[in-house]
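Colleague: Before I plan anything around this protein, I would like to go through the ligand site with you and hear how each term is justified.

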Amino acid sequence: MISSPPLPLTATTTCPDLGPVFAALWRDHGPVAPVELEPGVHAWLVMGYEELKFLTGTPELFSRDGRDWRAFQDGTVGPDSPLGPMMFFRDNVIGYDGAEHRRLRRPLEDAIAAIDHRRLRRTVESLCSDLIAGFAERGTADLVAEYAAAVPLLTIGDLIGLDPGQSRELLDAMRALFGSQEDSQEGNRRFEALLGGLAESRRAAPSDDLTSLLLRHPDLRTEAEALQAIVVLVSAGNHTTISWIAQTLRLMLVDPRFASRVRGGRLGIDDALDEVLSVAPPMINMPARYARRDTELGGKAIARGDALVLGLAGVAHDPRAHGGRAFWQSGNRAHLAWGAGPHACLARDPARTIARTAVATALHVLRDLHLTVDPASLGFEPSPWTRCPAALPVSFTATFPRPTARPTV
Ligand code: HEM
């Protein structure tokens with residue numbers, strides 16, 4: 001069983017510097033550390049590279065099915081827990097293992113493979129320019145709320161076949177849904193209505209979008225399965241890509257090594273994107289796997305039904321490598337930011353196109369870009385999973401984006 005008192009998992013995402021937090025976890029516990037998900041709800045944080053590969057590569061021992069979680073079975077975690085959306089069973093590719101998982105994953109792989117990257121880049125450039133046009137004349141902006149937070153969903157909306165107005169509606173519905181305020185139920189209804197309406201219209205008149213592809217995919221047996229595949233595309237790619245864009249912009253704005261690139265110099269956007277993946281990945285911690293029986297991992301006794309969280313940032317602080325200091329050098333893509341094993345992310349290429357284009361467009365169009373606050377005062381959204389800057393207040397010289405002003409990425 002898990003001993004106490006474990007560290008709250010949010011301490012690993014919201015701290016100003018990841019280094020000391022992960023150094024202490026490694027020092028005190030080694031590659032598998034006890035953590036607290038919410039008061040009284042414990043899990044294991046798996047940070048060792050070998051242990052992570054074993055955890056994600058052995059579904060017969062560690063399942064992806066939230067119904068195997070003891071804290072869910074015995075009611076320790078209530079149905080309204082904020083952990084639910086990320087940890088409860090999902091009746092789609094996320095929630096299954098083995099043959100059923102492979103069947104549900106194939107259509108998504110085919111959909112991702114069908115994306116035309118040149119068209120995707122043009123779409124992202126165009127919607128980024130539109131977002132910038134909304135605040136350009138002001139000369140100031142919050143690059144998280146007004147930019148990074150909108151780009152991924154508007155892009156995915158286009159890929160699945162929503163028109164720009166509907167993508168905006170989807171963005172508003174998602175904000176209400178995840179805002180956990182009184183309009184969150186209404187947000188959920190609008191979200192379902194929009195995607196349901198889209199599926200219905202493409203069933204009647206197929207087009208060249210990903211929704212039409214999923215609806216006719218032979219591995220998806222019902223309309224409900226096709227709809228779930230669309231929901232997964234929308235939800236799995238949103239917060240992850242927001243975080244990646246926001247963290248990369250933050251790095252480039254606060255780190256003197258990137259200052260010349262912000263002004264048009266050499267150290268590139270891909271370097272900044274890769275450094276974020278290696279040192280502070282968008283998913284700092286990824287939920288979860290559930291032990292199917294009593295076992296052992298990294299020297300810890302794991303009980304049947306325990307939850308194990310993928311420590312995707314903790315792995316960069318392994319004291320057995322680089323003396324425990326998160327390490328990155330140009331060109332190095334050796335990290336586990338995309339996960340590993342059968343459930344590893346299948347959308348790395350489009351995610352990179354979206355993130356790179358969003359960062360490049362901002363740096364290209366917004367001249368003399370700089371933060372208007374002390375970098376040390378920049379906080380992070382309170383989430384146990386992602387490390388997304390809460391805000392990036394900037395000022396810049398207003399250059400209204402014109403169709404000819406396109407960056408080369
Ligand atoms: C267009 C953007 C994206 C889409 C559509 C997307 C989609 C997905 C999907 C569908 C899965 C589940 C695969 C399965 O269960 O078989 C997944 C897994 C994952 N994604 Fe992505 N993703 C996107 C961006 C990102 C980004 C930017 C990151 C972070 C760098 C990321 C990190 C992960 C991780 C760590 C997993 C593994 C989950 C696990 O093993 O439990 N994804 N992604």
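Colleague: What makes the side chain of Arg 64 a polar contact of the ligand?

Modeller: This is a predicted model, and in it an N or O atom in the side chain of Arg 64 lies 3.0 Å from an oxygen atom of the ligand. A polar contact is a pair of N or O atoms within 3.5 Å, so the pair counts as one. The side chains of Arg 289, at 2.8 Å, and His 343, at 2.7 Å, each bring an N or O atom to an oxygen atom of the ligand in this way. The elements that give two or more residues to the shell are α6, α13 and β6.

Colleague: Which element gives the largest share of that shell, and what kinds of residue make it up?

Modeller: The largest share comes from α13, with seven residues, while the shell as a whole divides into 17 nonpolar, six polar and three charged residues.

Colleague: Why is Cys 345 called a donor to the iron atom of the ligand?

Modeller: Its SG atom is 2.4 Å from the iron, and the cut-off for a donor to this metal is 2.8 Å, so Cys 345 qualifies, as the single donor from the protein. Cys 345 is placed in the loop between β9 and α16.

Colleague: How do you know whether α15 and α16 are oblique or perpendicular to each other?

Modeller: Their axes come within 10 Å and cross at roughly 125°. Roughly perpendicular covers 65 to 115 degrees and roughly antiparallel begins over 145, so the pair is called oblique. The crossing of α15 and α16 is right-handed.

Note on methods
Residues numbered from 1 in each chain as written. Predicted model: local features only at pLDDT ≥ 70, side-chain atom pairs only at ≥ 80, totals over all residues. Heavy atoms only, no water. Donors = N, O, S within 2.8 Å, 3.2 Å for Na, K, Ca; no water. Helix = DSSP H or I, 4+ residues; strand = E, 2+ residues; numbered from the N terminus. Polar contact = N/O pair within 3.5 Å; in protein donor to acceptor, adjacent residues only side chain to side chain. Nonpolar A, V, L, I, M, F, W, Y, C, P; charged D, E, K, R; others polar. Axes fitted to C-alpha atoms, helices over the stretch in contact; angles between N-to-C directions. Parallel < 35°, antiparallel > 145°, perpendicular 65-115°, else oblique. Left-handed = near helix turned anticlockwise from the far one by under 90°.
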